[in-house]
Structures are given as structure tokens and as C-alpha cells.
Amino acid sequence: MKNKKREENDQLEMLEGAKLIGAGAATIASAGAAIGIGNVLSSSIHSVARNPSLAKQSFGYAILGFALTEAIASFAPMMAFLISSVFRSKKEG
């Protein structure tokens with residue numbers, strides 16, 4: 001009886017650990033978003049340096065690139081919260 005209870009407790013602890021690892025892995029997208037923002041800024045600077053007369057139009061495209069990249073970055077914490085809070089394990093007392 002005690003051995004079975006211990007086995008169930010071990011399984012619940014492993015599930016909780018796997019959830020935390022999954023939530024942490026979901027935040028890796030933040031690093032990708034940071035790289036994407038750097039690429040957008042770099043491309044914007046290069047395009048203005050090559051053709052200064054298109055700086056105004058290029059700025060609009062750069063803002064669009066920032067917004068789309070940040071949208072991806074906002075999905076990462078959302079998925080981490082979903083993994084850690086919505087998928088709860090059933091603890092039997």
C-alpha cells in the first residue's frame with residue numbers, strides 16, 4: 001500500500017518537473033524575437049544608408065517588422081503560462 005502511494009507521488013513529481021521544463025522551453029522564443037528585432041533594425045539602418053530618400057517609407061516597414069516580431073515574442077509567455085497553469089495534474093489526497 002505504501003509503495004503504491006510512493007509510486008503515485010513520484011509520478012506526480014515527474015509530471016510537475018516536466019511541466020516546468022516545458023514552460024521554460026516555451027520561453028526560448030523570446031531569444032528568437034530578440035534576434036529578429038536586431039535583424040529588422042540592422043536592415044533598416046542599411047536601407048537608409050543606401051537610399052536616404054526612402055527613409056520615411058523604410059521606417060514604416062521597420063515598425064511593421066517590429067510589431068510582427070513582438071507578436072511572436074508575446075506568444076512565448078502565454079504558452080508558458082498555459083503549460084504551467086492550465087494543464088494541472090490531479091493530486092489525490
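The UniProt record, an unreviewed entry, annotates residues 21-83 as "domain: V-ATPase proteolipid subunit C-like". In this predicted model, that stretch is 90% helix and 0% strand. Its end C-alpha atoms lie 10 Å apart.

Now take the whole protein. Its secondary structure amounts to 3 helices and 0 strands. Read from the N terminus, the elements run α-α-α. The overall form departs from a globule. For 93 residues, a compact globule would have a radius of gyration near 12 Å, but this protein has 22 Å. The box filled by the C-alpha atoms tells a matching story: roughly 80 × 15 × 10 Å along the principal axes.

Burial and surface come next. Of the 93 residues, 17% count as buried. The accessible surface comes to about 7,400 Å². Carbon and sulfur atoms account for 67% of that surface. Contacts reach across the sequence. Among those between residues at least 6 apart, 85% join residues at least 24 apart.

Helix H2 shows how one element sits in this arrangement. H2 covers residues 29-50. Does its length fit its residue count, or what span should one expect? At 1.5 Å a residue, the 22 residues of H2 should span 32 Å, and the end C-alpha atoms are 31 Å apart, which agrees.Which residues of H2 are buried? They are Ala33, Gly36, Val40 and Ser44. Seen down the axis of H2, these buried residues fall within an arc of 75°, so they line one face of the helix. The spacing has a general basis: an α-helix has 3.6 residues a turn, so residues three or four places apart point the same way. On the other side of H2, Ala34, Ile35, Ile45, Ala49 and Arg50 are exposed.

What covers the buried residues of H2? The cover includes helix H3, residues 55-86.

Ser44 gives a close view of that buried face. Ser44 belongs to H2. Its relative accessible area is 15%. The cut-off for buried is under 20%, so Ser44 counts as buried. Leaving aside neighbours within four places in sequence, Ser44 is in contact with Ser58 and Ala62.

How values were computed
Residues numbered from 1 in each chain as written. Predicted model: local features only at pLDDT ≥ 70, side-chain atom pairs only at ≥ 80, totals over all residues. Heavy atoms only, no water. Helix = DSSP H or I, 4+ residues; strand = E, 2+ residues; numbered from the N terminus. Buried < 20%, exposed > 50% of the residue type's maximum accessible area, 1.4 Å probe, protein only. Contact = heavy atoms within 4.5 Å. UniProt positions renumbered as here; feature names shortened; annotations may be inferred. Arc of directions from axis to C-beta. Rg over C-alpha atoms; globule rule 2.2 N^0.38 Å. Areas by Shrake-Rupley, 256 points an atom, 1.4 Å probe, with all protein chains shown as cover.
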